[in-house]
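Colleague: Hi, have you got a minute to walk me through this one? I'd like to hear about the helix packing and any holes.

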Amino acid sequence: MAKQHVVLLFGGNSSEHDVSKRSAYNYYKALEETGKYDLSVVAIAPNGYFLDADRSMKIMMQEDEQPLVDAYMAELKDRGVLSPIKALEDLAPIDIFFPVVHGNLGEDGTLQGLFRLLDKPYVGAALRGHAVSFDKVLTKEILTQNGVRNTKYLVTYAADEKPLTWAKVEQELGSVVFVKAANQGSSVGISRAENEAEFEAALKDSFQYDRKVLVEAAVNGPRELEVGVIGNDEILVSEIGAHQVPDQGGDGKGWYDYHSKFVDNSEVAFEIPAKLPAPVTEEIKAMAKKAYRVLNLQGEARMDFLIDEDNVPYLGEPNTLPGFTNMSLFKRLWDYSNINNAKLADMLVEYGFDAYKKSKEISYSFESLGEEKVGTFNGEDGNQG
């Protein structure tokens with residue numbers, strides 16, 4: 001029996017481009033370990049072009065990327081409207097796509113729309129699940145509507161006639177807030193502010209990345225927690241992991257930023273499973289599962305939580321395509337949940353095939369309209385009623 005052909009896509013034009021390379025490598029090795037699949041990799045260059053498999057493999061293996069991109073672009077004869085994805089034509093028939101593109105393109109639903117147009121199975125949530133969850137404001141609105149506890153917040157837009165003031169923020173959210181670009185990932189466009197000058201600087205930074213910005217109340221004495229969630233109809237929740245950076249908790253100002261996540265986490269204290277009272281552990285897992293359902297997620301996600309000094313948990317945000325680097329807590333959480341990398345990757349592929357099969361059971365039939373017969377509108381016969 002022929003092996004199924006899995007195509008991993010990585011890279012993209014987001015700030016998490018290099019993170020994606022590392023995640024893709026680990027997923028590639030995990031799938032290779034199963035011995036079940038034929039594997040290809042496709043790098044998406046920062047200019048949006050899909051590269052051929054040979055150059056993509058070199059990029060995933062950390063060769064200098066730009067010369068490989070330049071060479072591909074120089075050789076590309078056709079610059080038509082579909083030329084950015086032309087490299088897909090040179091692959092063997094594709095059975096399933098496995099996107100490992102963090103942030104823009106991969107987590108906002110863009111690639112999932114392409115996979116659906118190509119009528120191919122893919123790993124992870126459907127377009128609408130990604131698109132809604134990528135928007136921090138929409139996520140909080142849905143969580144709030146469905147009774148999933150999250151922190152208080154305000155929203156401001158670049159086009160607002162009256163800018164959001166620090167006085168209003170302090171009055172409604174307190175004297176410490178986080179300012180976040182609504183559509184970005186991995187702590188990009190996020191700042192902590194506790195006075196007017198810091199708030200104005202944070203807004204300026206966040207508006208570089210989006211025209212909609214979320215301002216969120218801080219949690220007192222916070223600990224940051226993560227939990228992995230996988231599955232479609234049947235949902236599995238991992239052990240809970242905790243991490244703490246220096247000067248975090250109490251009155252400290254430290255927080256788990258981009259540098260701590262992906263560059264240097266040597267001073268981050270990790271704890272798996274997190275030491276929590278049993279009822280709190282169960283509450284967090286229940287919140288994670290409920291959020292996964294109401295946000296229409298499937299395949300995989302990581303749910304990020306904050307827990308305050310009284311052990312009250314708040315769901316921070318979902319990550320619909322969590323990092324799978326050696327520094328990623330998502331990767332380690334499943335190890336502690338007795339699901340190793342190979343088994344996890346294999347399960348994600350099976351979830352993708354299952355979701356595709358179920359999508360084919362949904363009817364999109366329509367009734368032919370036939371000849372158009374338009375009624376008479378008031379005044380068309382000369383009478384004004």
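Modeller: Sure, let's go through the overall build, the helix contacts, the cavity and pocket, and a couple of backbone details. Keep in mind that this is a predicted model.

Colleague: Fine. How many helices and strands does the protein chain have?

Modeller: Its secondary structure comes to twelve helices and twelve strands. The radius of gyration is 23 Å, close to the 21 Å that the globule rule gives for 385 residues, so the chain is as compact as a globular protein of that length.

Colleague: And what box do the C-alpha atoms fill?

Modeller: Roughly 75 × 65 × 45 Å, taken along the principal axes.

Colleague: On to the helices. At what angle do α1 and α2 pack?

Modeller: At about 105°, with the axes 9 Å apart. Here α1 covers residues 17-34 and α2 covers residues 53-60. The two helices are therefore roughly perpendicular to each other.

Colleague: Which residues make that contact?

Modeller: From α1 you have Lys21, Ala24, Tyr25 and Tyr28, and from α2 Met57, Ile59 and Met60. By class, that contact of α1 with α2 has six nonpolar residues, no polar ones and one charged.

Colleague: α1 also packs with α12, I see. What's the angle there?

Modeller: About 90°, with the axes of α1 and α12 8 Å apart. That makes α1 roughly perpendicular to α12. On the α1 side the residues are Tyr27, Ala30, Leu31, Glu33 and Thr34. They meet Asn341, Ala342, Ala345, Asp346, Leu348 and Val349 in α12.

Colleague: How does the contact of α1 with α12 divide by class?

Modeller: Into seven nonpolar, two polar and two charged residues.

Colleague: How about α5 and α6, where do their axes cross?

Modeller: The axes come within 5 Å and cross at roughly 100°, α5 being residues 127-134. So α5 and α6 are roughly perpendicular to each other. Val132, Ser133 and Phe134 of α5 touch Lys136, Leu138, Thr139 and Ile142 of α6. Four of the residues in that contact are nonpolar, two are polar and one is charged.

Colleague: Changing topic: how many cavities of 30 Å³ or more does a search of the whole structure find?

Modeller: One. The volume of the largest cavity is about 30 Å³.

Colleague: What lines the largest cavity?

Modeller: The lining is Lys136, Thr139, Lys140, Lys180, Leu214, Glu216, Gly316 and Glu317. By class, one of the lining residues is nonpolar, two are polar and five are charged.

Colleague: Which elements do they come from?

Modeller: α6 (136-145), β7 (212-217) and β12 (313-319) each supply at least two residues. The largest share, three residues, comes from α6. Two of those cavity residues, Lys136 and Thr139, turn up in the contact of α6 with α5 as well.

Colleague: Nice link. What about open pockets, say the second largest: what's its volume?

Modeller: The second largest pocket has a volume of about 720 Å³. Its lining has 26 residues, and those nearest the centre are Ala126, Arg128, Gln298, Ala355 and Ser359.

Colleague: Which helices supply the lining of that pocket?

Modeller: α4 (110-117), α5, α10 (278-294) and α12 (341-359) each give at least two residues. The largest share is from α12, with six residues.

Colleague: And how do the lining residues of the second largest pocket divide by class?

Modeller: Twelve nonpolar, five polar and nine charged.

Colleague: Last topic, the backbone. Which way round is the peptide bond from isoleucine 272 to proline 273, cis or trans?

Modeller: Cis, with omega near -5°. Proline 273 sits in the loop between β10 (269-271) and α10, and α10 is one of the helices that supply the lining of the second largest pocket.

Colleague: What is phi for glutamine 62?

Modeller: Near 75°, a positive value in a residue other than glycine. Glutamine 62 lies in the loop between α2 and α3 (65-75).

Colleague: Why point those two out?

Modeller: Because most residues other than glycine have a negative phi, and most peptide bonds are trans.

Colleague: Got it, thanks!

How values were computed
Residues are numbered from 1 along each chain as its sequence is written. This is a predicted model: local features need pLDDT of at least 70, side-chain atom pairs count only at pLDDT 80 or more; totals for chains, interfaces and linings use all residues. Side-chain values use heavy atoms; hydrogens and water are left out. On a 1 Å grid over the protein atoms alone, a cavity is a set of points where a 1.4 Å probe fits but cannot get out, and a pocket is an open set with protein on both sides within 12 Å along at least five of seven lines; lining residues have an atom within 4 Å of a point. Grid points are joined across faces, edges and corners, and a volume is the space filled by probe spheres set on the points. Helices (H or I, at least four residues) and strands (E, at least two) are DSSP runs, numbered from the N terminus. Ala, Val, Leu, Ile, Met, Phe, Trp, Tyr, Cys and Pro count as nonpolar, Asp, Glu, Lys and Arg as charged, and the others, Gly among them, as polar. Axes are lines fitted to C-alpha atoms, for helices over the stretch in contact, and angles run from 0 to 180 degrees between N-to-C directions. Angles under 35 degrees count as roughly parallel, over 145 as roughly antiparallel, 65 to 115 as roughly perpendicular and the rest as oblique. Contact means heavy atoms within 4.5 Å. The radius of gyration is taken over C-alpha atoms; the globule rule is 2.2 Å times the number of residues to the power 0.38.
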